[in-house]
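Student: I should like to work through the metal and ligand sites of this model. Could we proceed one question at a time?

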Amino acid sequence: MNDQITEEAKSRLDKLFESYAIIAEDTYVYLCDMRYDYSRWSKALVDTFDLPSEYMYNAGGIWEEHIHPEDRKAYRDGLDAIFSGRQEGHDMQYRAKRPDGEYDICTCRGIVITDDDGKPRYFGGAIRNLNQQSYIDTMTGLRNQYGFFSDLKSYIKNKTPIRIGMAGIGKLTEVNEVYGYHVGNKILQHFGRYLMDNVTNRGGTYRLDGSRFAIISTLQSEEELAESYEEIRAHFRKGIRFDDVFINMELNAGILSLDEFNVDDQTVYACLNFAYQESKRHKHGDLVSFRRDLTGENRKRLEKLNAIRSSITNGFEGFYLVYQPVVDAMTEKVIGAEALLRWKSEEYGIVPPDLFIPFLETDPLFPELGEWILMTALKDGTKLAEHVPDIVINVNLSYAQIEKAGFTDTVWNIVKQTGYDPEKLCLEVTERCRLLDMELLRNVIVTLRAGGVRVALDDFGTGFSSVGLVKNLSFDTIKIDRSFVQQIEQDEREKRLLNNFTDMAGTFGADVCVEGIETSGMCDIIKGYGIHSFQGYYYSKPISIDEFLEKVKSGADCFAR
Ligand code: C2E
Ligand code: CA
Ligand code: CA
């Protein structure tokens, strides 16, 4: 039996323990005064494993009870070696039992500190619970994405008004490629540090992923944060020396104020990310504020987006597809159908995709919705093919889907599951996809086409590097955006433009589909340009699958004039 610990010894133990705990972040800490076999353990550990108290005599013995029977001997041997002075430290892994009976894998490291006579005095160390999510980013030492969400949730729960900012470094990938990862890492560390020193404190600065950081502030206004952002931006733009290289960087940032609280953390994140992407893609890094205040219209918009977003996790309730026929330009027979997404609810009515897709695209949930769209379209396509055997179903893709690792495998899985003929599937990519890495996009397109799937370039002419895209990637079809043919009955220039487009598509071996045919006049003129197919209200607006099926029962020329 050990002596009762003295007040003095206990106070010393506490001081030592606290200095340990400061640096331990999200590992558990323990410290044992070996003379009394009296220990203090982290409260988090005591709570997680339901130990009797933070302060314990014979903590090693108590803890042993929690260790998996198969791991106990090794643990006991290790501990004995330490207490008998045969060993000065230990480093082991074992399973520890939680109150619910499950085991967590823990790694435990510790060292012995001797007193002036060289006798073992303290045994202290850290236990890391590998089943517990770490809240710390090891590279920057800041809180990570999990820490961010955990804090955000508690702010929302406590209805604390906050400003949340997301900032990132542009072109970090290039820096990594040119100068190596160690330089990239230094930049990240410097950036995190800078945010921490100049904007919020350590607790309010987070590294989310890659080159993106976030801050949460309860004190500063959006204006103050905007000012800070401009200063930081100037600092990085001016350039910084790392080792022997000098690098100047451009930043992007989005900001959001949260004063109303019937939104969840994921929606807040999606809105923030949306503002960030706006800054990156359209505002050359200027700070974009999602909302100054969430009153009136804006608040309704956010709540609507929240509802749409929740639908994804709620079995896609409210989402449905409508189909617009694609007709052969010469025969006017239906040869295809484009699937177009809709969302409907009692409260908000029917919401067209333009209002929510650009917003959802940056959401990590979007690929899941994309899979649902493809799956649904192929099931419906199977039904249509019973009446029009060669019908091709067109499905729109978002760059977020293409960007996701394993995208083509997802397509093959869905094709397989539905038993759909891949040659009757056409995937449409828009010019927004030029934001993707070109090599990646090329690989995806080549893989899809090798598997028989067709690929179309949608909204041709609305983006920037259209011709470059067509030249570098091979498409089966080029879809000309309706804005180029709207005035074709009156405007000679649109005719010349159309002529150039079809010429170019011909050079690269692609078919041309013209969208937005609204009148028979347009139809007659455009026919003369060697166009392959038409789509537009003149033939039909997008309709439900049931209406479409009803139509095609009467044959393939059901949409002809
Ligand atoms: P889009 O792919 O260019 O689709 C054509 C849009 O033009 C559709 O609008 C269609 O209803 C409309 N349209 C068709 N013919 C005419 C016409 O003669 N006159 C006029 N004024 N408009 C016509 P919608 O359904 O509102 O879709 C808008 C955009 O939303 C689509 O443009 C597409 O970029 C995106 N989208 C729709 N469904 C999906 C989807 O399932 N996935 C993805 N990623 N994007 C989608
Ligand atoms: Ca389309
Ligand atoms: Ca289009």
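Student: What is the spacing in sequence of the donor residues of the calcium ion (ligand 2)?

Tutor: The model is a predicted one. The calcium ion (ligand 2) is coordinated by Glu338 (OE), Asn396 (OD1), Glu428 (OE) and Asp458 (OD), at 2.1 to 2.3 Å. Read along the sequence, these donor residues give the spacing E-x57-N-x31-E-x29-D.

Student: How many residues apart in sequence are the parts that the pair Glu428 and Asp458 ties together?

Tutor: Both Glu428 and Asp458 are donors to the calcium ion (ligand 2). Glu428 belongs to strand S18 (residues 425-429) and Asp458 to strand S19, so the parts that the pair ties together are separated in sequence by 30 residues.

Student: Which residue coordinates both the calcium ion (ligand 2) and the calcium ion (ligand 3)?

Tutor: The calcium ion (ligand 3) has as its donors Asp458 (OD), Asp459 (OD), Glu515 (OE) and Glu515 (OE), at 2.2 to 2.7 Å. Along the chain these donors follow the spacing D-D-x55-E. The two calcium ions lie 4.0 Å apart, and the residue that bridges them is Asp458.

Student: What percentage of the area that ligand 1 exposes when taken alone does the protein bury?

Tutor: Polar atoms of the protein approach ligand 1 at several points. An oxygen atom of ligand 1 is 2.8 Å from a polar backbone atom of Tyr537, and another pair places a polar side-chain atom of Asp459 at 3.1 Å from an oxygen atom of ligand 1. In the side chain of Arg482, an N or O atom lies 3.2 Å from a nitrogen atom of ligand 1. Ligand 1 taken alone exposes 800 Å², and the share of this that the protein buries is 87%.

Student: Which element gives the most residues to the shell around ligand 1?

Tutor: Ligand 1 is surrounded by 22 residues, Gln324, Arg342, Asp458, Glu518 and Tyr537 being the closest. The elements that contribute two or more residues to this shell are strand S15 (334-345), helix H11 (353-360) and strand S19 (454-460). With 4 residues, the element that gives the most is S15.

Student: How many residues of the shell around ligand 1 are charged?

Tutor: The space that ligand 1 takes is the second largest pocket. Its shell divides into 9 nonpolar and 5 polar residues, and the number of charged ones is 8.

Terms used:
Residues numbered from 1 in each chain as written. Chains lettered and ligands numbered in written order. Predicted model: local features only at pLDDT ≥ 70, side-chain atom pairs only at ≥ 80, totals over all residues. Heavy atoms only, no water. Near = heavy atom within 4 Å. Polar contact = N/O pair within 3.5 Å; in protein donor to acceptor, adjacent residues only side chain to side chain. Areas by Shrake-Rupley, 256 points an atom, 1.4 Å probe, with all protein chains shown as cover. 1 Å grid on protein atoms, 1.4 Å probe; cavity = no way out; pocket = protein on both sides within 12 Å on 5 of 7 lines; lining within 4 Å. Sits in = over half its atoms within 2 Å of the grid points. Nonpolar A, V, L, I, M, F, W, Y, C, P; charged D, E, K, R; others polar. Donors = N, O, S within 2.8 Å, 3.2 Å for Na, K, Ca; no water.
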